[in-house]
Structures are given as C-alpha cells and as structure tokens.
Amino acid sequence: MNYKLIKLSILDYLSLPRLQIAIVIGLIIVFIVSNLVVYLRARFPVPELLSVMVLLILMLIVGLGLVGAYKKEIGTIPGSPIWIETKVDNEKNWNNINSSIYETRTCGDLASSSSMLTAYDFTRRKLSSIESGCCKPPTSCGMEYVNTTFWTEEEEQEIDNSTPNDRDCDMWRNEGNKLCYNCNACKEGFMRTLHRKWQKIGNFLVAMALLLIISHPILFVATMWDQYG
C-alpha cells in the first residue's frame with residue numbers, strides 16, 4: 001500500500017494541494033519579477049518597484065495567514081488555522097480524513113513498535129499529535145493500560161465531564177479500526193499537525209517577503225542616487 005498517496009488523499013479532502021501549487025507558482029512569479037526589477041531598474045525604476053512591492057505585500061499577507069497571526073479574523077485563506085478548523089469540523093470531511101488516518105497505519109505502527117513496552121515506559125514515550133489524539137484515550141479518562149491500543153476502565157472511576165476531551169472517553173473503542181478516530185482529541189491532533197506544517201511554510205513566506213521588501217527599496221534608492229545624485 002502506498003502510504004504517501006493516502007496521506008496526499010487526506011490533503012485532497014481539504015483542497016490543500018491546490019494551495020501548494022499556487023504557492024509554488026507565486027514564488028516563481030516573484031522570482032521572475034524580482035530579477036526583472038534588478039535587470040531593468042535603470043530604465044523603469046518606479047514602475048518596476050511598484051510592481052514587485054504589490055507582489056511582495058500579497059506574499060506577506062498569505063504568509064501571515066498561514067502563520068496564523070490573524071487566525072481570529074481570517075477564515076478565508078486556505079491553510080490558516082481557522083480555515084483548517086472549519087474544514088475538519090465538517091462531518092463528511094472528517095469521516096474521509098479519519099478513514100485515511102486509519103489506512104496510513106499510524107496507530108498500527110505505533111502498536112507494533114510499542115508491543116513490548118510496559119505502562120510506565122509507554123507513558124514516557126513521546127507521541128506525535130495524531131498518535132496521542134487518535135491512538136489512545138485521553139489521559140483524563142483514567143483508563144488502565146493493557147497494551148498500546150487496548151485500555152480498560154478502572155473500577156469506580158469517576159469522569160469529570162467539565163473538560164471537552166472527557167466526552168471522548170465514551171467514544172474510545174478497543175478495536176483497531178475505531179480506537180479514538182472519532183474523538184475530539186483526534187481532530188485536535190490532526191489540526192495541530194497541519195498547523196505546524198503550514199506555519200513553517202508561512203514563516204518562510206513572511207521571511208522572504210520581508211527580506212525582499214527591505215532590499216528592493218534600498219536598491220531603488222541606490223539606483224536613483226546613481227542616476228540623479
């Protein structure tokens with residue numbers, strides 16, 4: 001089974017591959033325009049500067065959206081935190097996503113690699129956001145570890161339903177194709193994973209945009225000084 005294709009299918013449900021293509025095309029355009037500005041700066045200094053600054057400001061806005069600097073206000077930029085949350089909260093999208101997570105065998109691989117671990121050793125193991133949210137019940141449930149994907153409720157265990165993840169306790173199933181795939185914790189783990197991915201891309205876009213926004217006006221001033229100074 002091609003797990004890379006399955007992981008790509010998860011992104012397909014959120015229309016993220018189109019965003020990846022748009023970012024690549026945008027970077028190519030910025031690269032071409034920036035080089036034209038440098039090459040033609042002596043002949044058309046002002047128009048060239050204005051054209052590249054418009055592109056760089058758009059690049060900065062997209063980067064800030066992906067970083068999540070305006071996550072409370074921006075919900076229309078694909079890849080931004082609130083946009084991802086809206087998509088994941090859609091029941092149809094989530095059913096497809098959690099099926100794809102199961103098919104990647106994330107929890108199955110975790111179970112295989114942890115089969116010899118004791119409860120103490122397992123609690124010390126560092127898990128990814130998806131492993132922690134989808135492959136085991138929330139810690140607040142107070143369930144007893146038998147093995148990685150099999151947990152039992154402690155006798156007379158009182159569950160505090162005041163916290164959101166405690167509702168996941170009733171959703172946990174000791175079945176390989178169910179586990180906690182429908183838990184809120186699984187959704188949160190999936191969203192955290194995507195947030196980190198797109199935040200890295202956003203950081204790159206912001207850094208490059210700021211660098212070019214600073215360098216091009218300096219180049220413009222140097223060109224004008226050379227021509228009229």
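Ile 28 is partly exposed in this predicted model, because its relative accessibility of 46% falls between the 20% limit for buried and the 50% limit for exposed residues. The residue sits in helix 2. Ile 28 also belongs to a nonpolar surface patch, together with Val 24, Phe 31, Ile 32 and Leu 36. The accessible area of this patch comes to about 480 Å² in total.

The wider fold is built from nine helices and two strands. Their order along the sequence is α-α-α-α-α-α-α-α-β-β-α. Eight helices thus precede the two strands, and a helix closes the series. The protein has 229 residues, and 36% of them are buried.

Helix 2 also takes part in a pocket. The second largest pocket encloses about 270 Å³ of space. Its lining consists of 14 residues. Those nearest the pocket centre are Ala 22, Ile 23, Gly 26, Met 59 and Val 62. Two elements, helix 2 (16-40) and helix 3 (45-67), each give two or more residues to this lining. Helix 2 is the main contributor, with seven residues. The lining is nonpolar in character: 13 of its residues are nonpolar, one is polar and none is charged.

An enclosed space is found as well. The count of cavities of 30 Å³ or more is one. The largest cavity has a volume of about 60 Å³. Val 37, Arg 41, Pro 45, Glu 48 and Leu 49 line this cavity, along with His 216, Leu 219, Phe 220 and Thr 223. At least two lining residues come from helix 3, and at least two from helix 9 (184-228). Helix 9 gives the most, with four residues. By class, the cavity lining holds five nonpolar, two polar and two charged residues. Charged residues are therefore present in the cavity lining, Arg 41 and Glu 48 being the two that count as such. The lining of the second largest pocket, by contrast, has no charged residues.

Helix 3 links the two sites. Helix 3 supplies two or more residues to the lining of the second largest pocket, and at least two to that of the largest cavity. The leading contributor is helix 2 in the pocket and helix 9 in the cavity.

Notes:
Residues numbered from 1 in each chain as written. Predicted model: local features only at pLDDT ≥ 70, side-chain atom pairs only at ≥ 80, totals over all residues. Heavy atoms only, no water. 1 Å grid on protein atoms, 1.4 Å probe; cavity = no way out; pocket = protein on both sides within 12 Å on 5 of 7 lines; lining within 4 Å. Points joined across faces, edges and corners; volume = space filled by probe spheres on them. Patch = residues over 30% accessible without salt bridge, like charges linked within 9 Å, V, L, I, M, F, W, Y side chains within 5 Å. Areas by Shrake-Rupley, 256 points an atom, 1.4 Å probe, with all protein chains shown as cover. Salt bridge = Lys/Arg side-chain N within 4 Å of Asp/Glu carboxyl O. Buried < 20%, exposed > 50% of the residue type's maximum accessible area, 1.4 Å probe, protein only.
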